[in-house]
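Got the viewer open and a selection box ready? Here is a short walk through the model, one stop at a time.

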Amino acid sequence: MRDQNLKQFPAHFLWGASTSAYQVEGANLSDGKGPSCQDVKELPEGTAPLDICADHYHRYEEDIKLMAEMGFKVYRFSIAWTRILPEGTGKVNQKGIDHYHKVIDTCLKYGIEPLVTMFHFDMPDALDQRGSWSNPDSVEWFVEFARVLFENYGDKVKYWLTINEQNMLTLVGPLIGTLRIPEGTDNVLKETYQQNHHMLVAQAKAMALCHEICPQSKIGPAPNISLVYPASCKPEDVLAAQEYNAIRNWLYLDMAVFGRYNNLVWRYLEENDATPTFAPGDEEALKNAHPDFIGFNYYSTATVQHSDITDELDPGADQQTARGEAGYYRGYQNPNLTKTEFGWEIDPLGFRANMREIYSRYHLPLIVTENGLGAYDKLEDGKIHDNYRIAYLRAHIEQLKLAISDGVDMMGYCPWSAIDLVSTHEGIRKRYGFIYVDTTDEEVGTLNRYKKDSFYWYKKVIATNGEDL
Ligand code: BGP
């Protein structure tokens, strides 16, 4: 390819970073908060409990001040449903409402736009007890929660995200402690996609409600999008990649943007007796969502090859490890990519391909809501030399710039994570933050904050609007 004439980052590009409530806040049953599915799950062996995490619930002021020091224009965080509605529906917990007012006001004080995720892997346990997303009422539960959020924070929050990584909830839910399938369910796939359908309708209704209650705000979905490569140029592998792209990625965005099921996914559901039932009004609700932008998380691409129906495939996988599904696709390790210490492939060029592909399909502004490197950081003499993280982020931001030059409308970049926090299933030893938190999986430390080398580097990146990488 020729040398490209590189465009600059837009003047108001939203540089920032992300966290999620259950992974960063701690205080998981304090001040009236009800338990979520995360609080009642069995923790993976050797991982930190969720009662303290980074103690962001108590230290948000100190943390947001550090984010301001880095020059953040945006802070993406989630609101814990069970702080607002401890039972999931019904009685509102004023202390929870007040808490997020304080977080939002602190952001605004420093000129940081809050980018609020409404739901990040933390279903209220009380609602799980009522059938979780299997219950058709779950759509209205979410809409009730959305209404409380928009009515309370709508005049302060310009950017909203609906459901974090709904595709991961559906594909690897049990691994991240979410998506409860009621015991005794015969057809688990059908039930999973019925739950998925309820979430899709809930999301669509929440987007429409946002436009009604706070017309000055913008709202979008936040799936985890990993463009899927075929393992070779064999036509069979290309077809397999199309299958997995549809199942993993496009189902979620086709629905959020166009309000229709992806045809390959619908065929896959029909073949497996797993098509969801539509309630009256669903079709219309799905068509009336009209997101303003697309948020997406990107960690790596995925690669698959053809799979025969007789294949025996290892079902074990996490968010980034392509699984297989006999007769559709089979996960394949891309020999052209290196991996993180935690086994996730690293593919900055794939990041550019991802952005190009999403934009050419949907033509909505994009914001990266997660991207980052989980690693075992070491604190030595008050310093953390995370040059490996800088290298990862630099390589990805370079590709972001190329994507902008390709004509992709990019609004912002929020890597994971602003500060160290507890991973979905690998404890706090798997660190992502610009800010180190002194605590381990084994014992709670001082919780003091330290600026990693990446902190100073990102500050320079933001100060030069992405020119000095
Ligand atoms: C995404 C989730 C985050 C986050 C991140 C890193 O899938 O949205 O909540 O944790 O991945 O994953 P992990 O914590 O498994 O390393």
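How close do the axes of α13 and α14 come, and at what angle do they cross? Select both helices: the axes come within 8 Å and cross at roughly 30 degrees. Before you go further, remember that this is a predicted model, where local features need pLDDT of at least 70 and side-chain atom pairs count only at pLDDT 80 or more, while totals for chains, interfaces and linings use all residues. Residues are numbered from 1 along each chain as its sequence is written.

**Stop 1: α13 against α14**

α13 covers 348–362, and α14 covers residues 387–405. Helices here are DSSP runs (H or I, at least four residues) and strands are too (E, at least two), numbered from the N terminus. Each axis is a line fitted to C-alpha atoms, for helices over the stretch in contact, and angles run from 0 to 180 degrees between N-to-C directions. α13 and α14 are therefore roughly parallel to each other; that label is for angles under 35 degrees, with over 145 being roughly antiparallel, 65 to 115 roughly perpendicular and the rest oblique. The crossing is right-handed, that is, the near helix is turned clockwise from the far one by less than a right angle (anticlockwise would be left-handed).

Now show side chains. From α13, pick Pro 348, Leu 349, Phe 351, Arg 352, Met 355 and Arg 356; from α14, pick Ala 395, His 396, Glu 398, Gln 399, Leu 402 and Ala 403. These make the contact, where contact means C-beta atoms, placed from the backbone, within 7 Å. By class there are seven nonpolar, two polar and three charged residues. Nonpolar covers Ala, Val, Leu, Ile, Met, Phe, Trp, Tyr, Cys and Pro, charged covers Asp, Glu, Lys and Arg, and the others, Gly among them, are polar.

**Stop 2: α14 against α15**

Keep α14 and add α15 (residues 453–463): these axes also come within 8 Å, crossing at roughly 25 degrees. That makes α14 roughly parallel to α15, and this crossing is right-handed. Color Asn 387, Arg 389, Ile 390, Leu 393 and Ile 397 on α14, which meet Asp 453, Ser 454, Trp 457 and Val 461 on α15. That contact has five nonpolar, two polar and two charged residues.

**Stop 3: backbone oddities**

Most residues other than glycine have a negative phi, and most peptide bonds are trans. So which places should you click on? Try His 363, with a positive phi near 50 degrees, in the loop between α13 and β12 (366–370). His 363 is exposed, with 12 other C-beta atoms within 10 Å; the cut-offs are 12 or fewer for exposed, 20 or more for buried and partly exposed in between, with C-beta atoms placed from the backbone.

Next, Leu 447: its phi is positive, about 65 degrees, and Leu 447 sits in the loop between β14 and β15 (449–451). With 16 other C-beta atoms within 10 Å, Leu 447 is partly exposed. Then zoom to the peptide bond from Trp 416 to Ser 417, which is cis, with omega near 5 degrees. Ser 417 is in the loop between β13 (410–413) and β14 (435–437).

**Stop 4: Leu 200**

Finish in helix α9 (residues 188–213), home of Leu 200. Buried or exposed? Leu 200 counts as buried because it has 28 C-beta neighbours inside 10 Å. Leaving aside neighbours within four places in sequence, Leu 200 is in contact with Met 255 and Leu 286.

Terms used:
Contact = placed C-beta atoms within 7 Å.
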